[in-house]
Amino acid sequence: MIPTIQDNSNPQASAGATALSENKPVIAFIGAGNMAEAVIGGLYASGHPSTHLRFSEPFDARREYMESKFPQCMSTTDNNKVIDGADVVILAVKPQVLRQVVSDLKFTDTNVLIISIAAGIKTEHILRWLETPQPVVRCMPNTPALIGEGAVGLYATESVNDAQRDTTVGIMSAVAKRVMWVDKEAAIDTITAMSGSGPAYYFLFMEAMTNAGVAAGLTPEEANDLTVQTCLGAAKMAQQSEDDLATLRKKVTSPNGTTEAALKTMEAANIRQIIHDGVFSAERRSREIADEMGRDQ
Ligand SMILES: NC(=O)c1ccc[n+]([C@@H]2O[C@H](COP(=O)([O-])OP(=O)(O)OC[C@H]3O[C@@H](n4cnc5c(N)ncnc54)[C@H](OP(=O)(O)O)[C@@H]3O)[C@@H](O)[C@H]2O)c1
């Protein structure tokens with residue numbers, strides 16, 4: 001059984017911290033790109049010992065950058081070297097190269113947990129490409145994970161045990177504020193359409209609102225600042241208030257006031273249906289991509 005990541009919010013005395021670090025899983029990243037950098041950085045900041053973090057990366061400039069940022073982590077260009085002795089292997093390469101990467105891996109311990117963050121690749125495909133029956137977690141992060149504000153969806157294959165689930169949550173919590181398990185892998189397509197693609201929906205809304213502010217006479221900077229802070233403030237209210245979203249909306253909408261005028265115009269243009277259709281288009285496309293990626297040529 002692999003060790004579980006502990007909550008590190010209370011600083012430990014150094015002797016205790018050393019004992020704790022010995023229980024931390026050894027985590028190997030295959031692919032040291034943006035996502036791996038964010039997760040390693042988050043784990044590092046949460047007190048995970050750097051000696052228990054490693055990465056493999058073929059691109060010299062990228063590997064050297066990561067080596068300078070995380071000097072105590074083991075680094076290599078050899079994917080089979082990085083997984084040797086690891087408790088957890090995180091597949092953090094682009095989906096297009098995942099099949100080749102996974103097919104070349106040689107595991108000697110079938111308890112080693114694999115966490116794949118490659119978008120659109122199903123666990124059945126990873127298991128088919130592996131030579132050994134590893135426990136596999138499929139993870140759908142989003143770009144706010146790059147600044148520690150992610151929302152992450154997780155699906156586990158049957159052989160993933162409770163300790164490995166806890167370990168997965170511990171790792172992803174280093175970059176995400178919300179970590180959610182789903183029972184059916186198909187739900188990962190829904191998560192992709194919500195939190196995965198979701199940041200772009202909000203960027204589009206903010207872009208349009210900023211443009212409207214500029215058209216009404218604000219400078220681009222003023223319009224941008226007001227838009228972003230308003231979005232952030234509304235999100236924090238939604239998170240902290242006991243009211244649901246509809247109640248919060250009604251509370252800022254006085255009869256015959258300015259907000260009501262805006263919302264009436266947006267509702268008349270069918271904004272709810274547009275958003276509904278957009279989310280369903282993303283979900284459908286997520287399924288299509290997963291099928292294309294897993295197809296044997
Ligand atoms: N970034 C996000 O916000 C985000 C959000 C959701 C999901 N994801 C998923 O997370 C995964 C990683 O994304 P990312 O943004 O971190 O990508 P990335 O920055 O491109 O990182 C992937 C890294 O893997 C390296 N690599 C390529 N082939 C390799 C091999 N054979 N062995 C080992 N490493 C190899 C790449 O090196 P080269 O540069 O030499 O190719 C690159 O440094 C993707 O599947 C993506 O869909 C990312």
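Q: A salt bridge is a side-chain nitrogen of Lys or Arg within 4 Å of a carboxyl oxygen of Asp or Glu. By this rule, how many salt bridges are there?
A: The model is predicted: local features need pLDDT of at least 70, side-chain atom pairs count only at pLDDT 80 or more, and totals for chains, interfaces and linings use all residues. Numbering runs from 1 along each chain as its sequence is written, while side-chain values use heavy atoms and leave out hydrogens and water. Under the salt-bridge rule, the count is 15.

Q: How far apart in sequence are D291 and K122?
A: The side chains of these two residues form a salt bridge, 3.2 Å from N to O. It links distant parts of the chain: D291 is in helix α13, K122 in the loop between β5 (113-116) and α6 (123-129). Helices (H or I, at least four residues) and strands (E, at least two) are DSSP runs, numbered from the N terminus. The sequence gap between D291 and K122 is 169 residues.

Q: Are D291 and K122 buried, partly exposed or exposed?
A: Buried means under 20% relative accessible area, exposed over 50%, and partly exposed in between (1.4 Å probe, protein chains only). D291 has 40%. K122 has 23%. Both values fall in the middle class, so D291 and K122 are partly exposed.

Q: Which acidic residue meets R62 in a salt bridge?
A: R62 sits in helix α3 (residues 60-69), and its partner sits in helix α2 (residues 34-45), 25 residues apart. R62 is buried at 18% relative accessibility. The partner is buried too, at 13%. The N to O distance is 2.8 Å, and the partner is E37.

Q: What is the N to O distance in the salt bridge of K251 and D243?
A: K251 is exposed, with a relative accessible area of 60%. D243 is partly exposed, at 24%. Their side chains meet at 2.4 Å.

Q: Which residues are joined into one network by salt bridges that share partners?
A: R62 and E37 pair at 2.8 Å, N to O. Shared partners extend the set to K69. The network is E37, R62 and K69.

Q: How far apart do the centres of the positive and negative side chains lie?
A: Lys and Arg count as positive and Asp and Glu as negative, with His and the chain ends left out. Each charge is placed at NZ of Lys, CZ of Arg, CG of Asp or CD of Glu. The chain has 26 positive and 36 negative side chains. The centres of the two sets lie apart by 3 Å.

Q: What share of the 297 residues counts as buried?
A: The fold has 13 helices and eight strands. Its C-alpha atoms fill a box of roughly 70 × 55 × 40 Å along the principal axes. The buried share is 39%.

Q: What share of the chain's exposed area do carbon and sulfur atoms supply?
A: Accessible areas come from the Shrake-Rupley method with a 1.4 Å probe; for residues, only the protein chains shown count as cover. The chain exposes about 16700 Å². Carbon and sulfur supply 56%.

Q: Which residues make the nonpolar surface patch of about 260 Å²?
A: Patches use residues with over 30% relative accessible area and no salt bridge; like charges are joined within 9 Å, nonpolar side chains (Val, Leu, Ile, Met, Phe, Trp, Tyr) within 5 Å. One member lies in helix α9 (residues 198-215). That member is partly exposed at 43% relative accessibility. The patch is made by F205, M209 and M266.

Q: Which residues does S195 touch, not counting those up to four places away in sequence?
A: S195 is in helix α8 and is buried, with a relative accessible area of 18%. The buried residues of α8 pack against β6 (136-140), β7 (150-156), β8 (176-181), α9 and α13 (271-294). Contact means heavy atoms within 4.5 Å. S195 touches N142 and A151.

Q: What is phi of N256, a residue other than glycine?
A: N256 is in the loop between α11 (245-251) and α12 (258-268). At 73% relative accessible area, N256 is exposed. N270, in the loop between α12 and α13, also has a positive phi, near 70°. For N256, phi is positive and near 65°.
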